[in-house]
Amino acid sequence: MTRIFGPYVSVTRGIDVSRGMVAAYNSRVEAAGLSGESVRAVQGDLFDDGDASGEESSGREWCGFDIVAVGFGFHHFPDVVRSARRLKERLRPGGVLVVSDFVEGGDVLADEKGEAVQGSEGNHAVHSHGHGHGHGHSHEHHAHHHDGKEDKMHGVDESSPELEKKMAESVVVPHFSVQGVKDFFTEAGFVDVDVITMDERVYMEFAGKKLWRTILFARGRRPFESGERSEL
């Protein structure tokens, strides 16, 4: 998402609960020749009130964003309404939350050649204990300030049985319905809420399964309070 929004913003800020993921993101920023002042990430948890490492993300530069974008992160959040409200607090009035995640019932099994198996539509990225994980190990969580600042959760592509288990167990909601996303955006206080699904599925491999998955994109705007005006 940094690459997607990069041409339209001046400053990008990122945050992740994993020190390793933050280091990987900052390394990629450096390798791309970008300035650490304009694009950087820090470790922290915006949703944990007791997170001592959150001091670095509590300053003025971490508020008043134009856009907060969460890429495949909401299915890890225990309380999606509370999380959406927390992100809304980081937006300026009129700012927008953008979320991408997986659609309920939108999985299609693939054969050994990667071809879709007709009639196999359903929820296939789900574990026997009720958790699912179907997108490798890349999670993104973004926010852009009126100066272009971004709040990003970015994952590294690692593979090990232990990591697979931890990632799978961290998934709370393996997929969302379109109406369900509209409902939690609205309950969190957003207006002008809209949700669309991609026409084309994306191919992924998970837990020995080859899948084609459907992705949704949602957005909602933080409303203006009485007397407030847009800075744009």
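Reader: Why is Glu61 called partly exposed?

Author: The model here is a predicted one, and in it Glu61 has a relative accessible area of 25%. Buried means under 20% and exposed means over 50%, so 25% lands in between and Glu61 gets the label partly exposed.

Reader: What makes Glu61 and Arg13 a salt bridge?

Author: Their side chains come to 2.8 Å, N to O. The cut-off is 4 Å between a side-chain nitrogen of Lys or Arg and a carboxyl oxygen of Asp or Glu, so the pair qualifies. Glu61 sits in the loop between strand S2 (39-43) and strand S3 (65-71), while Arg13 belongs to strand S1 (residues 12-16), so this bridge ties together parts that are 48 residues apart in sequence.

Reader: Is Arg13 buried or exposed, and how do you know?

Author: Buried: the relative accessible area of Arg13 is 7%, and the limit is under 20%.

Reader: What makes Arg13, Arg40 and Glu61 a network?

Author: Salt bridges link the three residues. Besides the bridge from Glu61 to Arg13, there is one between Arg40 and Glu61, with the closest N and O atoms 3.0 Å apart. That second pair also links distant parts of the chain, with Arg40 in strand S2 and Glu61 in the loop between S2 and S3, 21 residues apart. As for Arg40, its relative accessible area is 22%, which makes it partly exposed. By the 4 Å rule, the structure has 6 salt bridges in total.

Reader: What makes Asp107 and Arg213 a salt bridge?

Author: Their closest N and O atoms are 2.7 Å apart, and that is within the 4 Å cut-off. Asp107 is in the loop between S4 and strand S5 (108-109) and Arg213 in strand S9 (residues 209-213), so the bridge ties together parts 106 residues apart in sequence. With Asp107 at 0% and Arg213 at 1% relative accessibility, both fall under the 20% limit and count as buried.

Reader: How do you know that the charged end of Arg213 sits over the ring of Phe102?

Author: The charged end is 3.8 Å from the centre of the Phe102 ring. The distance limit is 6 Å, and the charge also has to be within 35 degrees of the ring normal. Arg213 is listed as sitting over the ring. Phe102 also takes part in strand pairing: its bridge partner in S10 is Ile215.

Reader: Why do S4 and S10 count as paired?

Author: Strand S4 (residues 91-102) and strand S10 (residues 215-221) share 7 bridges in the antiparallel sense. At least two bridges are needed, so the pairing holds. Strand S7 (residues 191-197) passes too, since 5 bridges join S7 to S10, again antiparallel. One of them pairs Val191 with Arg221 in S10.

Reader: Why is the pair of Phe74 and Phe77 called edge-to-face?

Author: Two values are needed, because a pair of aromatic rings is described by the distance of the centres and the angle of the planes. For Phe74 and Phe77 the centres are 4.9 Å apart and the planes stand at 65 degrees. The limits are 6.5 Å for a pair and over 60 degrees for edge-to-face, so the name fits. Phe74 is buried at 0%, and Phe77 is buried at 6%. Among the 7 aromatic pairs of the structure, this one lies in a cluster formed by Phe74, Phe77, Phe176, Phe184, Phe185 and Phe190.

Reader: How do you know that the buried residues of H5 line one face?

Author: Helix H5 (residues 178-187) has Val181, Phe184 and Phe185 as its buried residues. Seen down the axis of H5, they fall within an arc of 105 degrees, so they line one face of the helix. An α-helix has 3.6 residues a turn, so residues three or four places apart point the same way. The cover over the buried residues of H5 includes helix H3 (80-90), S4, S7 and S10.

Reader: Why is Asn123 called partly exposed?

Author: Its relative accessible area is 35%, between the 20% and 50% limits. Asn123 is found in the loop between S5 and strand S6 (140-145). Leaving aside neighbours within four places in sequence, its contacts include Asp107 and His175.

Key
Residues numbered from 1 in each chain as written. Predicted model: local features only at pLDDT ≥ 70, side-chain atom pairs only at ≥ 80, totals over all residues. Heavy atoms only, no water. Phe/Tyr/Trp six-rings, centres within 6.5 Å; stacked < 30°, edge-to-face > 60°. Buried < 20%, exposed > 50% of the residue type's maximum accessible area, 1.4 Å probe, protein only. Helix = DSSP H or I, 4+ residues; strand = E, 2+ residues; numbered from the N terminus. Arc of directions from axis to C-beta. Contact = heavy atoms within 4.5 Å.
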